[in-house]
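Me: I should like to learn how to read the features of a protein model. May we take them in turn, beginning with the aromatic rings?

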Amino acid sequence: MNVSKDKVVQFHYNLTDADNSVQETTRSGAPMAYLHGHDNMISGLERAMDGKALGDTFSVTLAPEDAYGEFLPDCEQRIPVKHLQGAKKWRPGMVGTVHTEQGLRQVSIVKVGKFMVTVDNNHPLAGKTLTFDIEIVDIRDASAEEIAHGHAHGVGGHHH
């Protein structure tokens, strides 16, 4: 079975940037899962996955426009602290999550006040060239419910 539209793909990854200052991995936990062909994955990674098979291991290096986009100046915004998720006490440099009309979004904390916080709306990895080392560990047909919802359910996917 190969990766194609309406398949749920589970994979492990190691992520690094050009100067190795960013390092992220799923190797010590559950693999990541997504529904292929439904824009649930950064575009360059989804294109690299297309047609791959179970057990495939490969590396792909993505320019910012194929990953999390270019870093945009003047993307700061003040929001109520109560809208931030991810920690009890916030400090500049931390990454939090907010609900937006487009779904969950990661933001970087710039300045913390008593009730309001200034966040940078750029994704923490915006503007970076990223290398993903991928191992595909499972491919299965998506359920009708997953296709209707537009995302994978279960381990590594979306939980309702």
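Me: Which residues do ring pairs link into a cluster?

Reply: A pair of aromatic rings is described by the distance of the centres and the angle of the planes. In this predicted model, ring pairs link Phe-11, Tyr-13, Tyr-34 and Phe-132 into a cluster. The count of aromatic pairs comes to three. In one of them, the ring centres of Phe-11 and Tyr-34 are 6.0 Å apart and the planes stand at 85°, so this pair is edge-to-face. Phe-11 belongs to strand 1 and Tyr-34 to strand 3 (residues 32-35), so the pair ties together parts 23 residues apart in sequence.

Me: Are Phe-11 and Tyr-34 buried or exposed?

Reply: A residue is called buried when its relative accessible area is under 20%. Phe-11 has a relative accessible area of 1% and is therefore buried. Tyr-34, at 2%, counts as buried too.

Me: Which residues touch the most other members of the largest nonpolar core?

Reply: In soluble globular proteins, nonpolar side chains tend to be buried together. The largest nonpolar core here has 22 residues, and Phe-11, Leu-45, Met-49, Phe-132, Ile-134 and Ile-136 touch the most other members. At least two residues of this core come from each of strand 1, helix 1 (43-49), strand 4 (57-62) and strand 9 (130-141). Strand 9 supplies the largest share, five residues. A second, separate core has eight residues, among them Ile-79, Val-107, Ile-109 and Val-119.

Me: What does Ile-136 touch, apart from residues up to four places away in sequence?

Reply: The contacts of Ile-136 include Val-3, Val-9, Gln-10, Phe-11, Met-49, Lys-52 and Phe-58. Two of these partners also meet in another way: Lys-52 lies over the face of Phe-58, at 4.7 Å from the ring centre. Another partner, Gln-10, is found in strand 1 (residues 7-17) and, at 16% relative accessibility, counts as buried.

Me: How many salt bridges are there, and where do they lie in the chain?

Reply: The count comes to five salt bridges. In one of them, the side chains of Asp-141 and Lys-7 meet at 2.3 Å, N to O. This pair links distant parts of the chain, with Asp-141 in strand 9 and Lys-7 in strand 1, 134 residues apart. Asp-141 is partly exposed, with a relative accessible area of 46%, whereas Lys-7 counts as buried at 15%.

A salt bridge also joins the side chains of Asp-17 and Lys-128 (3.3 Å, N to O). Here Asp-17 is in strand 1 and Lys-128 in the loop between strand 8 (116-120) and strand 9, 111 residues apart. Asp-17 is buried, with a relative accessible area of 6%, while Lys-128 is partly exposed at 26%.

Me: Which residue forms a salt bridge with Glu-146?

Reply: The partner of Glu-146 is Arg-140, and their closest N and O atoms are 2.8 Å apart. Glu-146 counts as buried at 2% relative accessibility, and Arg-140 counts as partly exposed at 30%.

Me: How do strand 6 and strand 7 run, and how many bridges join them?

Reply: Strand 6 (residues 95-100) and strand 7 (residues 103-112) run antiparallel and are joined by six bridges. A hairpin connects strand 6 to strand 7 through two residues. One of the bridges pairs Thr-100 with Gly-103 in strand 7.

Me: How far apart are Ile-147 and Lys-7, in sequence and in space?

Reply: Ile-147 and Lys-7 are 140 residues apart in sequence and 9.2 Å apart in space, C-alpha to C-alpha. Ile-147 is found in helix 2 (residues 144-149) and is partly exposed, with a relative accessible area of 34%.

Definitions and conventions:
Residues numbered from 1 in each chain as written. Predicted model: local features only at pLDDT ≥ 70, side-chain atom pairs only at ≥ 80, totals over all residues. Heavy atoms only, no water. Helix = DSSP H or I, 4+ residues; strand = E, 2+ residues; numbered from the N terminus. Buried < 20%, exposed > 50% of the residue type's maximum accessible area, 1.4 Å probe, protein only. Core = buried A, V, L, I, M, F, W, Y, C linked by side-chain atoms within 4.5 Å. Contact = heavy atoms within 4.5 Å. Phe/Tyr/Trp six-rings, centres within 6.5 Å; stacked < 30°, edge-to-face > 60°. Lys NZ or Arg CZ within 6 Å of the ring centre and 35° of its normal. Pairing = 2+ DSSP bridges. Salt bridge = Lys/Arg side-chain N within 4 Å of Asp/Glu carboxyl O.
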